[in-house]
Amino acid sequence: MSSNPVARRRPTHRKGRPTLTRESVGRAALDFLDHHGPAELTMRSLAADLGVSPRALYNYVEDRRDLLTVAAELFESEWRPPELESGRWRESLRSYCRALRAHYRSHPGMTTLALTENITMARHPTMLRNVDALIGFFEAVGLSLQDAYRACMETIRLVAGFVELQDIVHDRPPAHVNPADLAQLPPPWLRPKGPEDPEEPKGSGSSSASEGSEDSEPVGDLPHLARLGELELDSPDTLFAFSLDILVEGIAARTARPGE
């Protein structure tokens, strides 16, 4: 038997197929979510994607929940934030948020899936260190420990929420969203229903289709929404920059009122 460690390394492929490991199965789940909705990720669908039997996956993960846990931990372990500098904290925080946004966009839907499936991603040591560093950054900026924790959580919520509610619709429009609607201001769902709009099918579950509901009453004048049509449509990047301005200026105002 050879004493060379390389000679004992497990082959990456066997019979033309990739060799499975717990990590590679979790990686495959992340890759699957890049192209499919969360509901489509099952042990059977992932096995088909890998070209193996579903039974083969159970050698590495206990069930779908365990599979999602591995995928979530991989997702969090890959986050390598830029250095936070309290001396230039405004731009440092903006850079941090832009990098975090890019990380979340690399695997769209992972955050929502982890929440809906009650997967605790923060258990990974890398995630814990990153959160601890962000709290320390806000303390160095001048916030109390309690406010530093609040600011840390608000930063994560802002970025994750923006990606899951705004970016994901533009990056990967759902089947029920017409991409042309994303280029309109105001969007169709912020305009009163006109006679040219198609009727909601019966049984669609839409409250606007229910007789006697509040939504069926005349809307009346909407002067501010009407004026939006005169404006230039914001890109997701412009909207994100605006959100960061609100975050940064809010933190700056809080540091000016220590102890509250």
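Asp-63 is found in the loop between helix H3 (54-57) and H4. This is a predicted model. The protein has ten helices and two strands. Along the sequence, the order is β-β-α-α-α-α-α-α-α-α-α-α. Buried residues make up 33% of the 260 residues. Among contacts with a separation of 6 or more, 66% are between residues 24 or more positions apart.

**Asp-63 and the start of H4**

- Asp-63 is partly exposed, because its relative accessible area is 35%, and values from 20% to 50% fall in that class.
- A polar atom of the Asp-63 side chain lies 2.9 Å from the backbone nitrogen of Asp-66.
- A polar atom of the Asp-63 side chain also lies 3.3 Å from the backbone nitrogen of Arg-65.
- Helix H4 covers residues 64-77.
- Beyond four places in sequence, Asp-63 touches Met-43 and Tyr-58.
- Asp-63 and Met-43 are 20 residues apart in sequence, and their C-alpha atoms are 7.5 Å apart in space.

**H1 against H4**

- Helix H1 spans residues 22-33, and its axis comes within 8 Å of the H4 axis.
- The two axes cross at roughly 85°.
- H1 and H4 are therefore roughly perpendicular to each other, since angles of 65 to 115 degrees count as such.
- On the H1 side, the contact involves Arg-22, Glu-23, Val-25, Gly-26, Arg-27, Ala-29 and Leu-30.
- On the H4 side, the partners are Asp-66, Leu-67, Val-70, Ala-71, Leu-74 and Phe-75.
- By class, this contact has eight nonpolar, one polar and four charged residues.
- Asp-66 thus appears in two settings: its side of H4 meets H1, and its backbone nitrogen lies 2.9 Å from a polar side-chain atom of Asp-63.

**H1 against H2**

- Helix H2 holds residues 43-50, and the axes of H1 and H2 come within 10 Å.
- Their crossing angle is roughly 95°.
- That makes H1 roughly perpendicular to H2.
- Val-25, Ala-28, Ala-29 and Phe-32 are the H1 residues in this contact.
- They meet Ser-45, Leu-46, Asp-49 and Leu-50 in H2.
- By class, the H1 contact with H2 has six nonpolar, one polar and one charged residues.
- Val-25 and Ala-29 are listed in the contact with H2 and also in the contact with H4.

**His-107 between H5 and H6**

- His-107 lies in the loop between helix H5 (89-106) and helix H6 (110-116).
- His-107 is buried, because its relative accessible area is 9%, and the cut-off is under 20%.
- The His-107 side chain makes a polar contact with the side chain of Asp-34, at 2.9 Å.
- Leaving out residues up to four places away in sequence, His-107 touches Leu-30, Asp-31, Asp-34, Phe-75 and Glu-78.
- Among these, Leu-30 belongs to H1 and Phe-75 to H4, and both take part in the contact of H1 with H4.

**The nonpolar core**

- In soluble globular proteins, nonpolar side chains tend to be buried together.
- The largest nonpolar core here has 56 residues.
- Leu-46, Leu-93 and Phe-138 have the most contacts inside it.
- Helix H8 (residues 145-171) gives the most to this core, with nine residues.
- Leu-46 is also one of the H2 residues that meet H1.
- Not counting residues up to four places away in sequence, Leu-93 touches Phe-137, Phe-138, Thr-155, Leu-247, Val-248 and Ile-251.

**H10 and other sites**

- Ser-243 lies in helix H10 (residues 236-255).
- Outside its neighbours within four places in sequence, Ser-243 is in contact with Leu-158 and Phe-162.
- Ser-243 and Leu-158 are 85 residues apart along the chain, yet their C-alpha atoms are separated by 7.8 Å.
- Ser-95 sits in helix H5.
- Ser-95 is partly exposed, with a relative accessible area of 25%.
- From C-alpha to C-alpha, Ser-95 and Pro-81 are 9.1 Å apart, with their positions 14 residues apart in sequence numbering.
- A cis peptide bond joins Leu-185 and Pro-186, with omega at about -5°.
- Pro-186 is placed in the loop between H8 and helix H9 (223-227).

Definitions and conventions: Residues numbered from 1 in each chain as written. Predicted model: local features only at pLDDT ≥ 70, side-chain atom pairs only at ≥ 80, totals over all residues. Heavy atoms only, no water. Axes fitted to C-alpha atoms, helices over the stretch in contact; angles between N-to-C directions. Helix = DSSP H or I, 4+ residues; strand = E, 2+ residues; numbered from the N terminus. Parallel < 35°, antiparallel > 145°, perpendicular 65-115°, else oblique. Contact = heavy atoms within 4.5 Å. Nonpolar A, V, L, I, M, F, W, Y, C, P; charged D, E, K, R; others polar. Buried < 20%, exposed > 50% of the residue type's maximum accessible area, 1.4 Å probe, protein only. Polar contact = N/O pair within 3.5 Å; in protein donor to acceptor, adjacent residues only side chain to side chain. Core = buried A, V, L, I, M, F, W, Y, C linked by side-chain atoms within 4.5 Å.
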